[in-house]
Every structure is written in C-alpha cells, then in structure tokens.
Amino acid sequence: MSQKITSYPGHEITPEEAREGKYLDIVYKFEPKYSWAAGVAISRFLTELKDGKIVARKCYKCERILVPPRMYCEQCYRPTDEWVQVKDTGTVNTFSISHVGTDARRLKTPILVAVVDIDGASRGMGILHKLGEVEPSKIAVGMKVQAVWKRPEERQGAITDILYFRPIGS
Amino acid sequence: MLESPKELSFEASKMALDSAGLTLKDIQSVVSGSAPDAFDGVHMKGEYYLDGMGAVGKPHERVYVGGGTGVFTPIGGWWNIASGLYDTCLCVAEEKMSPLHPHPQYAFWSIFDQILERPLGTTLLWIFSLEMRRYMHKYGIKEEEIAEVAVKNKGNAVDHPCAQLGAKITVDDVMRSEPICEPVKRLDVSPPSDGAAAVILASEKVAKKLTDQPVWLDGVGWTLDSTHWTNRDLAYPEYVEKAAKMAYKMAGIKNPRKEIDVAEPYDPFDYKELHHLEGLQLAGKGEAAKMTVDGVTQRDGDLPVCPSGGLLGVGNPIAAAGMMKICEIFWQLRGEAGKRQVKKDARTGLAQAWGDLMQVGTVTVMRS
Amino acid sequence: MTPGLSTRELMFEAATRAYEDAGIDPRKDVQSFVCCTEDFWEGISITDEYMPDQLGAVLRPLCTISSDGIIGLATACMHIMSGIADVAVVESHSKISDVVNPDEIASFGYDPVYTHHHFDADPRFLAGMEMARYLKETRTKRESCAQVAVKNKKNALSNPRGVHGADIDKGIVMNSQVAASPLTELESSKGIDASIVFVLASAQKARKLGDHPVWIRGIGWSSDTPVVEDRDFARAEYVEQAAGRAYKMANVKSPASYFDLAEVDDTYSYKELQSLEALKLASRGKAGKMVDTGAFDTDGRLPVNASGGSLGVGHLLEATGLHRTLEAVMQLRGQAGRLQVPRAKRALVQSWRGIPTATGAVAVLGN
C-alpha cells in the first residue's frame, strides 16, 4: 500500500457470526420469472431434439456447420443458409468431474461434465453436456462418445432430452 | 464484511481522494464497475451505490464486462479523459458477494445459456475445470506445475494488508486439497469476497500539478470473444491476446516480454495465471508453467507476476479484484509497495482481467 | 412483442439494417461496440456474454454500459474523441415480452434496506408520489398531464412504430384505471420489444459513409441521489445538470428558441412536463399551460414527442433513450414521413432511466 495509507477500513465478519444473528440483517427472496423466446434457430433445435436428432446450420460462405445452430454466422456476419442434420456421436474435447452443485453444496455423486465435439459438424463445434456410464478415472480427452436419449414419450424438446453421452463400445 | 455496497464504495473513494489530496469537488466524472447485480441483491445496482461513490450530481456510468470489469473501470476513466471532455475521473470498483444465499456461487448459474446449458445444473466451476483440463492436455502440463502458482501467490499475499488467504503453503498442500471440480481443487481457487478499490485519473496537465510521480495509463485494450464458448479451443485465450495487442500498440510496446517489468494478470484459479501470461505474449504457448517452476515470476525474478498475491491470495471480489491489480501496479511503479516491492526497477507494468464465459480480456499498460 | 425471435436474432436484424444504412462491414470497419443492458431485464447475469456474435463483434472490443442508451452514445462519442475508434456501434434493446413478472424486477431496484420490503405495492408508487409533489409545487393542472397522454398517443397514430397510438380525450385518460394515484394507466407507458442500433463515426469518417449523417453537437448525463427521500420531487435535477453540460458543449444559449423539435422522456405523463422545465424549454410551472395551448403539438411552436414518445409507441427500458434519438434522427434526415416536422435542423433528445433512479441524459443533434 502507499505509505500515505495507514489504516484499512472494513469490519470483517464471519459466516458463523452472521448465522447467529450477531448483526442486523434483512432477508428477502427475489423471484423473477422469465419465459425466454428461444427464437428461430433454437426452437428448431429443440423440436429436433424431441425427435432424437441434432441439427446444425450451415454457412455457405465459410462452409462451417454450426452447432448449436444459429441463424447468423458470427464470422462472416451474414445469415446462415441451410439446416443440416449431424450425428449424435462425438469426441470429448474436455471434461471435468464436479463434486459441487450449483449452490456450492457438496454432491454425493459427482456430475461428469464435458464439452463434446459433435460428429458431422465443423471441427471444434462442441456442446456442453454430461457423461454417463463411465468410470471417472477412465474418461480421457479424445474419447469417442454416443448420446443416450430419453425414451421418446419422455422427451420435452429440451437439451435434457439427451440424458448424457456414453463411451462408444461400452 | 459488515459494510454495505454504498459504504464499501465510500471507503474506497475516500481513500483514493485522500491519497491524491483531492476532494469530491475536484472530480468531474465518475466511472464505476461492479459485476453481477445478483450478488448485492439490487436491480440496477449502479444506480444504488452511486451516492456511496460520490457520483451524485456528476456524470456517472457503470461499465460492466463480467470479471474483466476491474481492469475495465479505469479504461472507462481513460476514455472520459482522453476524449477531452473531462480532466479528472474517479474510478471505483465495488463488489459485495456475501449477501447472496446460500452461496455467492449461485449467481453464476445465471451466466449460462438459459435454454441449452442451465437445465444441466451448471456451475461456474465447470467452465474453469473444463478449460484447465484442455490447457493441461494440449500442452502436457502437470497439476503440480500449476500448483506452484497458488503457492507463489498465496505466499506473496502474506504481505498484503487486505489479504484474505495469505499463507505459506506447499505444492503438496495444494495437491492434497479437496477436489471440487476435477482437476480444480480447493487450493487452486480464490474465495468469494467483499471489497472495493478506487483510483483517480487525471489529464496530463492536471496530473503534473498534483504529483511528482504520476503513473501513466499508456495503453488500454479490450476484446470480447464469441458467446459460443463450446465452439472454441479453450487451451488458448485469443481474446486476451487481442486485448493485449490493442494495449501494446497504443503504448508502443514491441517486445512485451522484455519491456514489461511487472505484471498482474487475472488469477482466479492458478492455471489462469499461466493461461493469461501466454495470451499476454509474456510466455510462449504452453511455456508459462516452466517459467513459474523456474522462479522467473517470483518477486525477485526477471518477470515478477502477481507480487500482490493476486486473487488467489488476497481475495476475489470480482470487479474490485481487477482494480486491486491496477492499484498494485501503481504502487509498484512508484516504489511504494513496501514488503511486496519487486526487486527489479519497475518502470512499465501491466494489469489484466478476464471475464464472462471465457470471453473477455481487458488489459492496461502503465508506466511511471 | 416478438415471441418468434430470440433477443439475439432481434439484435441481428436491427444491426444488419444499421450497417446497411451506414455502408459498413462490422467485421472490418468498427473499432468499438457499446451495449446498454441490465442483467435482470434479460434474465442473465453478465449480459455482455450474449452480445458479440449478432453484432459482428466477435473478438472485437465490445463492452456493456449499465446505463441508458444516450449514455451509451456518449460512451461511443468518447471512444471516437479519444482516438481509439473511428467508427463505433451502440446497441440497446428491450425484450420485455420475455419477462413474466416485470413488477418484481422493477421493485427490486428499490433500496433493499429502507424501501423494498415495506411496500407490497405496484413499483410505480414512487412515480405517483413524484407526480403529486410536482403538481402541487409547480401548480400544474392535473388535466395538463392527461393532455400529454392525449397528444402523444394521437401523434403515435401517424407513426409506423406507434404500437400504443390512440385517439382519446382527457376525460378518458383521467378516468382510466389508477396505476399509482394520481397517475392513471393511460398515463403510464407500456413496454414493447425492440432493438435499436446506431453507427457513430468521427467527422472525417462520417462524411465518407452513408448519405445522411446526423451530428451530435453536445451530450451530457448526470445522476442525482439514489436515496429517494432526499430528492426534490418537483424538479428533475439530473436533467437540469445533464442539459447544462450538453448545452455548454453545443453552445446553446437559449434552449427555448434553439430547437426545431424535442424528443423527451414521457415514461409517465407528468415526466414530459417536468423534463421540459428542467431542459429550460418551458419555464418552471409553465409546461402544463403550454401543452394545453398546443405549443408542443406537431404543428405547434416546438413539437415535443411528435413520434408519440413512450406513451404512444411504447417503453423500451434501457433502449428508450435510443428510441428518442432514433425518432429525432429520422426527423433530421427528412425521413419521418407523416410525422415530419418541416425544415427540421436541430433536435433535442433526453432520457431518464426509470424508477427508482434519478439518472438521465441529454443530447443536442443537428444535421
């Protein structure tokens, strides 16, 4: 710190003190609700997921096949041109074994999360999803995986229609 | 901390004004930076805390680029002055993460795509651990090498008066710490914190009247990469490279590795320091780990990195953390960093922050 | 409302049109992009994550300003004036149709300790209180506020964008459902979806691009205290301060006679009158009388909100300031169609960030 500054303001408090109610606090809940318009591209993507398919968009100019699909190519800055069906298999680009949930609480069973590069799309076109039916210690970058879908009648047109990806050959 | 966002902002602003020998009357505009409103629990929090900052009756804008905000706030101050509109600008970064229950981590759930990602139960740690894995895989870097950064920074932080987690630890301690989201372990990560930091910028003519030792903001740069982070190669932060090049061009820096004397890259996770050093062109791709292991980035090394203790050691109140780095470079370039002062004669320093879904890089080059 | 398009797709459409109009390729010609958004209106923390692709800003300098659109324009101006950019893009939007309970979010803007939890009321209660105080202190007639709604909604009928245009009279306005007394629903603007994109350039560059540059001659912005109890409800001090700065920059000595048209904030009917007084387009307490005599009608002495304003077109959250600017720019370009104010050369635009803030911005435009 600068020599001119001699004291540092601030009262540190510990989580325990806060829980014990040592300091006056106000607790409130905030419940905003949203109904996001998925838009043209994602609506179609979700509809196809319900059918057990993964679709992508193609840009004729750079010839990339984009997944998740989008109606505009962000590199060429022009509308994309065509719907293309891609495979539901892919390669693990990277993965992680998560022991904590969304609110930082410890999980009993770790979540196996990965970025899966989808076969049929351009190189590096990955989506975020989970892995399953695999021992955490056996997961490796470059592993070939296959989507495991919910039963057709259970699908809702959501990313969770794919339960997880499992290694091919297992 | 007990202080409210307004009080945190006030303390930081007051400290900055006092140390510059100015009062609020001398300040012509204010730029503030703070990351997600979700933490403080107020919508439009830029409006909420502006009285604590001293922005009442003044032109005020809140800049916001996720985690990159801390270094971006003085960049906002820079354009307020460089445009010629104002001569003095107070830049304050504030962050109060503790109000969010059950854990500040929760706010990060809503940074993910609402339709394609959140239903999977996302948590911020995922993107870091995914990136860390990719980085390690591509360049063959070991977790032990990365852990050296945590050891260095937490050790450096012992000398920082505001440090939350300053401690002398070993690589072994890091390796044995609880795995949170493999390969990320507890000691690889910085904690959520509350804090605020401020700097005062002034135009050349005003600065020269105020002090004999001004530190000049010679280069600024920022870049935002595509939303579709799962389509990018996470092993290399291209957005940091572009932001750095923008700042280097402005500052007239041709060979960063030689010309930068001290650096404060953003280190919310230990591997991030390495990742960013490479993006900043201060280390070749995949080579930053070796630099660390070899001691180059220690305070007495050839390129001291995070002499403050960084986010890993001092704490990570998102926006304020980036500003803390700016302040550290300021003190280092003036020789006022006390026990944290780097050994070499530091004339040119760099501060960098990162944010969003592995997307934004904000860089400043400062010279004394 | 635009349920068929996602926010990003909406932005892509707006941006494509703006770039076409300016004749630029965002991938090559733009050095800075500025977006004006607020997390909670989007439902996303860190909204700038979702901005670059559809604006052509991938791997380019893009930043978010959590402020009104006109402050976004000011930021872009500062980028250009500092030399870091020759061409800058400003974007803001409202996708209010995505928000199921906007009142919950608006209420969340209040001070969490002193204000938020004590009133289980429509968040517009603050506007009602401010209106009551304004009417009393300036001795403005209640009916004059209603006349603002009548004027703006009527104007909006000629505006292709005039979603909330209507042909009504003061009686209907004053008898409409109470929003937050004395404010009624017809005096409270309603949210719509839109995305607005502007391309700004340095003087040198602007002369080469596009056919109809409009110049920003002065711009100013200011914030009054967020502590609602400390404010002077009758005056919009933040507008007075912002206007002072903009007028100084543009060398405007007599605002009341300088402008050919003005697009000012009318989020609530009384706001238009309060803002006009703060902008010195009417002396204190006189704006009400002037609107009654038709001084601010499209064919009056100073057309105010000829577009229909937010009351006639719709409210656009952070993009409201850009909406005011868009309508003024169309006028200055002579492209305002049925709304056209003849020989429009100088326009004033002003915005307010909405309750519970006291932040606003002013810009002086000319062709």
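Two strands are taken as paired if DSSP finds at least two bridges between them. Helices (H or I, at least four residues) and strands (E, at least two) are DSSP runs, numbered from the N terminus. The structure is a predicted model, in which local features need pLDDT of at least 70 and side-chain atom pairs count only at pLDDT 80 or more, while totals for chains, interfaces and linings use all residues. Residues are numbered from 1 along each chain as its sequence is written, chains are lettered from A and ligands numbered from 1 in the order in which they are written, and side-chain values use heavy atoms, with hydrogens and water left out.

In chain C, strand β9 spans residues 346-352. Its two partners are considered in turn. Strand β10 (residues 359-366) of chain C runs antiparallel to β9(C), with seven bridges between them. Within this pairing, C:Gln350 has C:Val362 of β10(C) as its bridge partner. Six residues lie between the strands of the hairpin, and one of them, C:Gly354, has a positive phi near 90°. Strand β8 (residues 261-263) of chain C pairs with β9(C) in the parallel sense, over three bridges. Here C:Glu263 is matched with C:Val349 of β9(C). Burial of β9(C) is high: six of its seven residues are buried. Buried means under 20% relative accessible area, exposed over 50% and partly exposed in between (1.4 Å probe, protein chains only).

Helix α13 (residues 269-278) of chain C is largely enclosed by the rest of the structure, because ten of its ten residues are buried. Among them are the charged residues C:Lys271, C:Glu272 and C:Glu277. Others include C:Leu273, C:Leu276 and C:Ala278. After α13(C) comes C:Lys280, which has a positive phi near 65°.

Chain A provides a further antiparallel arrangement. Strand β6 (residues 89-100) pairs with strand β7 (residues 106-118) over nine bridges in the antiparallel sense. A:Ile97 faces A:Leu112 of β7(A). The hairpin of β6(A) and β7(A) has five residues between the strands, and A:Ala104 takes a positive phi near 70°. β7(A) also pairs with strand β8 (residues 126-130) of chain A, again in the antiparallel sense, over five bridges. In that pairing A:Val115 has A:Leu128 of β8(A) as its bridge partner.

Aromatic contacts were examined next. Rings of Phe, Tyr and Trp (its six-membered ring) pair if their centres lie within 6.5 Å; planes under 30 degrees apart count as stacked, over 60 as edge-to-face and the rest as tilted. The count over all chains is 25 aromatic pairs. A:Phe30 and C:Phe108 are stacked, because their ring centres are 3.5 Å apart and their planes lie at 5°. A:Phe30 belongs to the loop between α1 (15-20) and α2 (39-50) of chain A, and C:Phe108 to the loop between α6 (102-107) and α7 (125-138) of chain C, so this pair joins two chains. C:Phe108 is buried, at 3% relative accessibility. A stacked pair is also formed by C:Tyr268 and C:Tyr270, with 6.4 Å centre to centre and 5° between the planes. C:Tyr268 is buried at a relative accessible area of 6%, and C:Tyr270 is buried at 0%. In chain B, one aromatic cluster is made up of B:Phe128, B:Tyr135, B:Tyr139, B:Tyr266, B:Phe269, B:Tyr271 and B:Trp354.

Charges also sit over rings (NZ of Lys or CZ of Arg within 6 Å of the ring centre and within 35 degrees of the ring normal). A:Arg44 lies over the face of A:Trp83, 4.7 Å from the ring centre. In chain B, the charged end of B:Arg62 is placed over the ring of B:Tyr64, at 4.7 Å from its centre.

Two interfaces involve chain B. Contact means heavy atoms within 4.5 Å. Buried area is the accessible area (1.4 Å probe) that two parts lose on being put together, summed over both. A salt bridge is a side-chain nitrogen of Lys or Arg within 4 Å of a carboxyl oxygen of Asp or Glu.

Between chain B and chain A, 49 residues of chain B contact 50 residues of chain A. About 4600 Å² is buried, 66% of it on carbon and sulfur atoms. One salt bridge is counted between these chains. A:Arg106 and B:Glu178 form a salt bridge, with the closest N and O atoms 3.1 Å apart.

The contact of chain B and chain C buries about 4800 Å², with 59% from carbon and sulfur atoms. It takes 56 residues from chain B and 56 residues from chain C. Two salt bridges are found across this interface. B:Glu47 and C:Arg353 meet in a salt bridge, at 2.8 Å from N to O.
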